[in-house]
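Visitor: I am new to this structure and would like a close look at a single part of it. Could you take me to one salt bridge and then show me what lies beyond?

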Amino acid sequence: MSYLVPVVDEAVPAGTRLRTLLSRPGIVRMPGAHNGLAALQAKGAGFSALYLSGAAMSASMGLPDLGILTLEDVLFFTRQIVRASGLPLLVDADTGFGEALNVMHTVRRLEEVGAAAIQIEDQVLPKKCGHLNDKKLASPSDMAAKVAAAARARRSLLILARTDAAADEGLDKAIDRARLYVEAGADAIFPEALTTREMFTEFAKAMKGVALLANMTEFGKSPPPTAGELQEIGYRMVIWPVSSLRMANKAQHDLYGHLAAEGSTTGVVERMQTRAQLYDLIDLKGYEALDASIISSWLPVQ
């Protein structure tokens with residue numbers, strides 16, 4: 001019930017809490033959470049940090065991941081996930097929603113609603129999912145300026161710079177960009193759409209001493225090493241950005257198909273989360289008890 005009752009961790013900024021996780025041994029595992037309920041489920045499974053994907057946000061709104069999202073959309077999703085889980089959240093901020101001043105505004109607004117870190121990518125609009133072809137890249141200097149602006153605006157927020165350059169410019173150019181972004185103030189680097197395990201290893205060797213994030217999205221260009229394997233070659237964070245949405249969408253697709261064919265949900269009830277499980281997940285009893293305790297505490301004695 002972290003939303004209504006402050007917890008001790010809230011005295012420590014989310015960015016600071018994420019930095020603490022990164023200072024410990026082991027890779028920080030960040031599953032994607034596409035809404036507050038998914039965030040609660042991930043927390044219940046034992047995860048200590050989460051990722052909010054632009055692709056998942058777009059898809060959940062019935063839109064493609066082509067830079068259509070606005071900052072207000074991202075703030076809405078960020079707010080509910082942080083509110084529900086209380087966990088440090090890395091937020092996909094696409095290209096930063098504009099140039100340097102806009103990026104600074106994005107940083108401030110996302111930090112206000114509780115984001116622990118943001119990711120900015122070196123594409124230009126209309127941007128694309130990192131695992132699609134024909135992406136258009138910003139110049140290294142323009143992206144570095146955005147990173148510097150973000151670093152200047154933040155309080156405790158971590159700045160992750162994503163480079164999509166490996167696909168079009170090659171791994172060496174992507175590494176050059178990553179080094180420039182670190183010089184500009186990036187706290188970590190996200191090399192997108194690396195296509196072989198050897199590329200993951202080479203990138204890590206070239207960026208030794210820099211925190212790196214690996215993207216393990218399904219149906220993409222990258223191989224699927226485990227979190228442990230990524231840790232061994234030098235990665236500090238790993239995300240599975242759209243996995244929760246894909247699972248939920250497949251289940252919903254099956255439900256609607258069954259309902260349309262049968263006119264009843266009877267045949268799929270055993271595959272559903274029960275009412276009791278839902279109420280336990282959202283802590284209905286805890287909220288009811290809190291409500292009752294507040295009411296009883298202020299009523300005057302007759």
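Guide: Gladly! Let us begin with D164 and R162, which form a salt bridge whose closest N and O atoms are 2.8 Å apart. Please keep in mind that this is a predicted model. Neither partner is out in the open: D164 and R162 are both buried.

Stay with R162 for a moment, for its side chain also meets that of E192 in a salt bridge, at 3.7 Å from N to O. R162 sits in strand β5 (residues 158-163) and E192 in the loop between β6 (188-191) and α9 (197-206), so this pair ties together parts that are 30 residues apart in sequence. E192 is buried, just as R162 is. The picture then widens to one network, in which salt bridges with shared partners join E121, R162, D164 and E192.

E121 leads us on to T95, because E121 is one of the residues in contact with T95 once neighbours within four places in sequence are left aside; the others are V103, I120, Q123, L125, K127 and K146. You will find T95 in the loop between β3 (89-92) and α5. With a relative accessibility of 5%, T95 counts as buried, since the cut-off for that word is under 20%.

Helix α5 gives us another salt bridge to visit. Here the side chains of R109 and E72 come together, 3.1 Å from N to O. R109 belongs to helix α5 (residues 100-112) and E72 to helix α4 (residues 71-85), so the pair links distant parts of the chain, 37 residues apart. R109, at 21% relative accessibility, counts as partly exposed, and E72 counts as partly exposed too, at 46%. In total, the structure holds 13 salt bridges.Now for the aromatic side chains, where a search of the whole structure finds 2 pairs. One of them is F76 with F77, an edge-to-face pair with 5.6 Å from centre to centre and 80 degrees between the planes. F76 counts as partly exposed at 48% relative accessibility, whereas F77 counts as buried at 7%.

F200 and Y235 also form an edge-to-face pair, at 5.7 Å centre to centre with 65 degrees between the planes. F200 lies in helix α9 and Y235 in the loop between α10 (227-233) and β8 (237-240), so parts 35 residues apart in sequence are tied together by this pair. F200 is buried, with a relative accessible area of 2%, and Y235 counts as buried at 1% relative accessibility.

Let us finish at the largest pocket, which has a volume of about 680 Å³. Its lining is made up of 21 residues, and those closest to the centre are Q41, A248, A251, Q252 and Q273. Two helices, α2 (36-44) and α11 (243-262), each supply at least two residues of this lining. The helix that gives the most is α11, with 8 residues. Sorted by class, the lining has 11 nonpolar, 8 polar and 2 charged residues.

Technical notes: Residues are numbered from 1 along each chain as its sequence is written. This is a predicted model: local features need pLDDT of at least 70, side-chain atom pairs count only at pLDDT 80 or more; totals for chains, interfaces and linings use all residues. Side-chain values use heavy atoms; hydrogens and water are left out. On a 1 Å grid over the protein atoms alone, a cavity is a set of points where a 1.4 Å probe fits but cannot get out, and a pocket is an open set with protein on both sides within 12 Å along at least five of seven lines; lining residues have an atom within 4 Å of a point. Grid points are joined across faces, edges and corners, and a volume is the space filled by probe spheres set on the points. Helices (H or I, at least four residues) and strands (E, at least two) are DSSP runs, numbered from the N terminus. Ala, Val, Leu, Ile, Met, Phe, Trp, Tyr, Cys and Pro count as nonpolar, Asp, Glu, Lys and Arg as charged, and the others, Gly among them, as polar. A salt bridge is a side-chain nitrogen of Lys or Arg within 4 Å of a carboxyl oxygen of Asp or Glu. Buried means under 20% relative accessible area, exposed over 50%, partly exposed in between (1.4 Å probe, protein chains only). Contact means heavy atoms within 4.5 Å. Rings of Phe, Tyr and Trp (its six-membered ring) pair if their centres lie within 6.5 Å; planes under 30 degrees apart count as stacked, over 60 as edge-to-face and the rest as tilted.
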